[in-house]
Amino acid sequence: MRMATALSVTVLAAGGIGHALVTGLDTGITRVDPFKDMKNRPQAGHGMNVLVVGTDGRDRITPEEKAKYRLGGAPCRCTDTVMLVHISEDRERASVVSLPRDSYAEMPEHTDLTSGKKHHAHPVKLNAAYAEGGPSLTVRTVESMTGVKIDHYLEVDFTSFMRTVDAVGGVQICTTRPVKDSYTGLDLPAGTHELDGGQALQYVRSRHIDGAADIGRMQRQQRFLAALVERITSGGVLFNPVRFREVATTMLSSVRADQDFGTDQLLALSKAMRGFTPASSEFVSVPVGDMSFPVKGIGSTVKWDAAKAQKLFQALREDRPLAASKPGSPSSAKAPKAVVVDVAPRTVRVQVYNGTRTDGLGRKVDDALRGTGFDTTRTPMTGSGKERARTLVEYDPRWDRSAKTLAAALPGAELRAVAKRGGTLRVTVGADYKGVTAVRSEETARGGPFEAVTGDRVVCP
């Protein structure tokens with residue numbers, strides 16, 4: 001009996017997941033039709049593209065869970081997370097592109113699902129597409145912004161997220177420093193942590209840890225996905241038909257997907273992922289040109305770098321890898337040396353003032369800071385008062401880590417905390433200015449034209 005059981009399991013594993021064991025899984029999926037009546041869609045590329053959205057739905061969360069994980073607020077009925085997942089044609093690579101929820105977007109003409117009112121095309125934040133037009137308008141908006149044709153749609157809410165993490169036995173996350181967010185209740189000391197579903201939800205939702213805000217949150221979401229891939233691929237889920245069914249049933253019982261996402265697609269993906277490791281996945285956030293692009297009637301939005309974003313999505317259409325080459329390769333050897341800092345400079349907003357009598361110095365410093373990655377205002381100003389001998393960096397105490405990143409780029413600068421200063425740091429250039437030192441974030445693995453990283457670089461060692 002033991003031999004027969006072992007043989008049957010081996011045969012099933014060798015053939016991927018047994019069809020009989022997964023048949024019927026898709027009956028638990030709530031169906032939506034995001035592609036209904038869609039016209040003038042982008043041309044299909046190579047591979048498969050899945051739009052994965054995370055909503056803030058919390059209807060099935062228990063009162064105890066709401067209290068423990070700070071989930072008691074009213075949902076906005078919008079997308080909290082938007083990711084474009086590309087599965088390569090050979091099924092050997094998964095590329096995950098995070099789209100900031102506050103991205104500046106041009107909403108296509110549509111009918112509001114709530115009011116029934118017809119709207120002409122108009123500017124919005126990306127996450128508003130779901131609130132106004134549900135999955136269909138979200139797909140149309142993303143396709144319009146990226147030029148990438150979406151093949152499948154998958155919607156995950158708080159419940160399905162937590163249950164899925166618990167079903168795989170949790171995920172392992174490593175932090176190099178304490179991570180705390182009073183809004184979500186996340187409180188992790190530096191070190192290695194085993195997170196259950198609720199804790200993982202806190203981890204991927206937190207955006208008030210530092211000035212990195214949504215960019216930092218997207219990077220944590222990418223770390224989580226890499227950890228989830230590692231747990232699934234190394235924990236025997238894909239090689240154990242019964243275990244796979246348990247996990248898949250848990251996940252699919254609380255998600256929404258398009259009509260064509262069913263058993264056959266699950267089988268194809270599970271067979272393809274049998275050889276997957278975290279190194280098979282790569283993660284990137286869409287290139288950003290302006291972190292605080294003001295739009296009348298909407299507020300501050302995230303505006304993409306149009307040229308870089310176009311190259312990124314072209315690479316997806318052409319089924320090309322996004323991550324940089326491995327260390328030691330010719331391309332990686334060309335990377336410039338830079339001081340390693342805690343917070344990525346692109347997440348640090350800076351206003352430059354010229355505190356000297358040297359004409360044009362403010363513009364020079366603004367350009368130099370922007371050249372090493374800082375999000376400067378591009379409108380340097382003249383400082384008030386007498387000429388400064390020493391360069392000064394003023395910052396809100398809540399953005400102290402961002403201030404240290406900026407100070408690393410301006411060696412010798414004085415740091416001064418100013419209460420209620422907000423998220424924009426102020427640099428007043430002094431006579432001691434000798435130039436800007438190049439800095440880069442701690443995630444040294446991110447590189448290449450899109451600052452992509454493979455999953456094996458961000459999981460726990």
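A cavity, for today's purposes, is a set of grid points where a 1.4 Å probe fits but cannot get out. Hi everyone, and please keep that in mind as we look at this predicted model. Rolling a probe the size of a water molecule over the atoms shows where empty space is left. Here, that search gives four cavities of 30 Å³ or more.

Let me take you to the second largest of them, which holds about 50 Å³ of space. Which residues lie nearest its centre? They are Asp80, Thr81, Leu99, Met218 and Gln221, out of 10 residues that line the second largest cavity. Three elements give two or more residues each to that lining: strands β3 (79–87) and β4 (94–99), and helix α7 (213–234). Helix α7 provides the largest share, with four residues. If you like to think in side-chain chemistry, the lining of this cavity has four charged, three polar and three nonpolar residues.

Now let's step back to the whole chain. You are looking at 461 residues, and 50% of them count as buried. The secondary structure comes to 26 strands and 13 helices. Of the contacts with a separation of 6 or more, 72% are between residues 24 or more positions apart.

On to the cysteines. How many disulfides does the structure hold? Just one, and the partners are cysteine 174 and cysteine 460, with their sulfur atoms 2.0 Å apart. The pair links distant parts of the chain, since cysteine 174 is in strand β10 (residues 171–175) while cysteine 460 is in the segment after β26 (453–454), 286 residues apart. A quick reminder: a disulfide is a covalent bond between the sulfur atoms of two cysteines. The link between cysteine 174 and cysteine 460 is right-handed, with 130° about the S-S bond. Are these two cysteines buried or exposed? Cysteine 460 has 8% relative accessibility, so it counts as buried. Cysteine 174 has 24% relative accessibility, so it counts as partly exposed.

Next, a residue I'd like you to find on the screen: threonine 356. Threonine 356 is in the loop between β19 (349–354) and α12 (361–371). Threonine 356 counts as buried because its relative accessibility is 12%, and the cut-off for buried is under 20%. What does its side chain reach? A polar contact of 2.8 Å joins the side chain of threonine 356 to that of asparagine 354. A polar atom of the threonine 356 side chain also lies 3.1 Å from the backbone nitrogen of threonine 358. Beyond its neighbours within four places in sequence, threonine 356 is in contact with Leu361, Glu387, Arg388, Val429, Gly430 and Ala431.

Another loop residue worth a look is glycine 262, between β14 (255–258) and α9 (263–272). Glycine 262 has a relative accessible area of 5%, so it is buried. Its C-alpha is 9.9 Å from that of leucine 252, and the two are 10 residues apart in sequence.

Last stop: helix α13, residues 400–409. Why call α13 largely enclosed by the rest of the structure? Because seven of its 10 residues are buried. Those buried residues of α13 are Arg401, Ser402, Ala403, Thr405, Leu406, Ala407 and Ala409. That's my tour, and thanks for listening!

Methods: Residues are numbered from 1 along each chain as its sequence is written. This is a predicted model: local features need pLDDT of at least 70, side-chain atom pairs count only at pLDDT 80 or more; totals for chains, interfaces and linings use all residues. Side-chain values use heavy atoms; hydrogens and water are left out. On a 1 Å grid over the protein atoms alone, a cavity is a set of points where a 1.4 Å probe fits but cannot get out, and a pocket is an open set with protein on both sides within 12 Å along at least five of seven lines; lining residues have an atom within 4 Å of a point. Grid points are joined across faces, edges and corners, and a volume is the space filled by probe spheres set on the points. Ala, Val, Leu, Ile, Met, Phe, Trp, Tyr, Cys and Pro count as nonpolar, Asp, Glu, Lys and Arg as charged, and the others, Gly among them, as polar. Buried means under 20% relative accessible area, exposed over 50%, partly exposed in between (1.4 Å probe, protein chains only). A polar contact is a pair of N or O atoms within 3.5 Å; within protein, one must be able to donate a hydrogen and the other to accept it, and residues adjacent in sequence count only if both atoms are side-chain atoms. Contact means heavy atoms within 4.5 Å. A disulfide is a pair of cysteine sulfur atoms within 2.5 Å.
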